Amino acid sequence: MKIQKQISQNAYHADDSFLGRYQKLIKQEVIPYQYQVLCDQAEGTEKSHVIANFSNAGKALRGEDVGDGFYGMVFQDSDAAKWLEAVAYSLTIFPDNELEETADQLIELIARAQDEDGYLNTYYTIKDRDKRWTNLLEGHELYCSGHMMEAACAYFEATGKDRLLNVMLKNAEHIYHIFIEEGRDGYPGHPEVELALMRMYHLTGEKHCLELAEHFINVRGVDRDFFKEEAKKRNWMVWGMDATDLEYNQSYAPVREQEDATGHAVRAVYLYTAMADLAAETEDEALKNACRKLWESITERRMYVTGGIGSTGIGEAFTVDYDLPGDTAYCETCASIGLMFFASRMLEQDVRGEYADVMERAFYNTVLAGMQLDGKRFFYVNPLECIPGISGKAVTHRHDLTQRLKWYACACCPPNTARLISSIGKYAYGENAETAYCHLFAGGKVKFENGIELSCETSYPYGFTVNYQVNAGNGHLAIRIPAWSKTYGICVNKKETTCMLQSEYIYLNVKEGDMIRITLDDSPYHIYASSKIPQLSGYTAVCRGPLVYCFEGVDNDGDVLSLSLKRGGKLVVSAYNTELLGGNVQITAEAVRRETDGHLYSNQPPVEKPDQATAVPYYTWCNRGENQMRVWMHEI
């Protein structure tokens with residue numbers, strides 16, 4: 001049974017503070033720009049062809065000439081799905097008849113691309129109709145269906161229109177027929193449909209969706225030879241993936257026996273999200289225990305300080321415990337978004353601050369870093385160190401780019417970022433019949449189903465006072481106190497009070513008219529890595545609140561590499577600067593600059609000079625041209 005759940009999308013409306021400005025950016029810049037890309041109308045970007053693919057698939061079903069056919073990745077349909085989901089969320093915040101009409105037109109194209117039996121996938125409809133469901137390892141049919149199911153749920157919740165929802169319910173019935181009624185063996189190579197089916201079930205109550213989600217979760221890893229045997233039956237491939245690499249797609253053991261987060265990081269956290277959701281729904285203790293072990297594997301041994309996951313570009317994957325190099329980090333934006341999904345579902349099982357802490361860390365650092373401040377360029381990979389001349393060029397660092405790109409051939413991250421930011425209210429607030437939960441500090445107004453209505457005013461993450469006004473209702477209010485806040489204050493109706501922390505939350509009885517003020521620790525602080533991480537011995541990182549800071553060459557005479565932070569040195573916080581990087585607070589640290597004689601190697605020790613090192617929030621890096629960047633700094 002769920003202890004609490006996410007609020008509905010239309011329950012939260014941001015104000016003009018930090019999160020509200022980001023949501024406005026998504027509406028005004030990102031969504032229109034990404035639609036241009038999907039229509040192949042954006043100059044200087046990778047070709048997408050997504051809209052044309054749906055149009056051509058509909059033509060193929062009607063026996064018409066498909067023109068230029070299919071173009072793109074086998075999972076190209078998912079870009080349209082995530083864009084539609086972002087649109088749906090945005091419409092609940094910023095109603096826009098023109099945007100809604102554009103979305104309706106795309107939905108109609110999607111509906112026309114659906115086969116009579118409910119099958120929906122433009123790649124196989126246009127190119128390889130006879131190969132449907134024969135390559136679950138690489139084919140991404142279930143992955144694309146999952147993303148479109150999520151879009152259908154979001155669009156129905158936002159607009160009340162059920163055109164896409166009915167399309168995807170028919171698609172779910174088709175999948176149910178194939179894998180349940182006909183008993184076809186197998187499970188998705190790329191998990192996603194499992195969490196989407198759970199979402200469809202929560203919205204519609206359709207039992208087949210729950211049964212399908214449970215089926216795909218339960219059979220995963222039971223037949224360890226499934227993908228290998230599947231590959232033997234066909235004489236074609238998409239990428240030539242290794243069917244024997246069971247860790248890559250999390251099929252090395254039945255899910256209830258898995259203890260280590262392995263393989264492709266996005267696939268992993270999408271799967272774990274569905275597992276956590278199902279466990280809460282069915283009160284499956286074995287599944288809950290597996291989720292907890294996998295959570296600990298990620299957050300205690302395999303996660304970066306920025307909330308990034310996936311330490312290698314080889315397979316975009318987890319490796320082994322404590323292998324967290326900063327300069328070759330992969331940290332795909334989608335992986336941190338998926339980690340937020342997982343954290344949110346874990347919160348529904350057990351309200352622990354650690355889940356919201358990780359959700360916050362991933363969002364304010366890796367997720368936001370994945371998009372340029374103007375919303376027009378994106379990172380797929382988010383390293384913790386960037387050195388022009390090495391990053392993006394050396395074969396070991398080729399994936400770590402020195403500049404964001406306008407788009408990608410594999411464009412999963414840009415629309416994923418748009419849908420996450422537009423729906424951040426669902427992660428910030430939760431509810432049950434008695435309690436309103438504040439997991440993240442999100443300025444704006446929120447209405448809970450239990451009758452409580454709140455206003456939240458804050459300049460977080462740069463201001464550390466959070467004011468809540470109870471506008472209606474009465475009951476319990478639960479507010480997370482972040483683990484990084486070593487001190488905090490609570491004031492209720494202008495009177496200081498104390499509360500016992502329960503798993504990093506304070507619980508208050510509130511009624512209409514009450515005012516609550518939370519004051520968090522605004523001190524900058526150092527972070528030190530475990531000595532088990534070999535690359536980080538003797539290094540430190542600088543943080544303030546939820547923000548991890550980084551040192552860029554542009555603020556440090558073009559050279560970060562020769563700087564070391566002084567152990568025990570002061571950290572000085574600047575005043576908030578509205579003109580810097582979209583509104584920013586810098587931190588200056590006492591440092592030492594070490595100058596060498598210029599030779600590759602020398603027997604002369606470096607000359608050390610006192611200096612200062614200036615840092616900006618990690619999410620803002622690479623917005624002022626190509627230059628050096630480091631999160632972890634040597635300390636002397």
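Here is a walk through a few parts of this structure, from its sheets to a buried histidine and a pair of helices.

Keep in mind that this is a predicted model, in which local features need pLDDT of at least 70, side-chain atom pairs count only at pLDDT 80 or more, and totals for chains, interfaces and linings use all residues. Residues are numbered from 1 along each chain as its sequence is written, and side-chain values use heavy atoms, with hydrogens and water left out.

Let's start with the strands. Strands of a sheet pair through backbone hydrogen bonds, either parallel or antiparallel. One open sheet here has 7 strands in the order 2-6-7-8-13-10-11, with antiparallel pairing. (Strands are DSSP runs of E, at least two residues, and helices are runs of H or I, at least four residues, both numbered from the N terminus; two strands pair if DSSP finds at least two bridges between them.) Strand 2 (12-14) and strand 11 (495-497) sit at the edges with a single partner strand each, so one side of each has no neighbour in the sheet. On average, neighbouring strands of this sheet are turned by 20° against each other, direction ignored. Inside it, strand 6 (residues 444-447) and strand 7 (residues 453-458) pair antiparallel over 4 bridges, and Lys 447 stands opposite Glu 453 in strand 7.

Now look at strand 9 (residues 475-480), where 5 of the 6 residues are buried (under 20% relative accessible area with a 1.4 Å probe, protein chains only; over 50% is exposed, and in between is partly exposed). Strand 9 pairs with strand 5 (residues 435-438) in the parallel sense over 4 bridges, with Ala 478 as the bridge partner of Tyr 437. Strand 9 is also joined antiparallel to strand 12 (residues 505-510) by 6 bridges, and there Ile 479 has Ile 506 as its bridge partner.

Over to His 190, in the loop between helix 7 (163-181) and helix 8 (193-204). At 7% relative accessibility, His 190 counts as buried. Leaving out residues up to four places away in sequence, His 190 touches His 140, Tyr 143, His 264, Val 266, Arg 267 and Tyr 270 (a contact means heavy atoms within 4.5 Å).

Val 266 and Tyr 270 turn up again among the helix 11 residues that meet helix 13. Helix 11 (residues 265-282) and helix 13 (residues 333-349) pack at an angle of about 15°, with their axes 8 Å apart (axes are lines fitted to C-alpha atoms over the stretch in contact, and angles run from 0 to 180 degrees between N-to-C directions).
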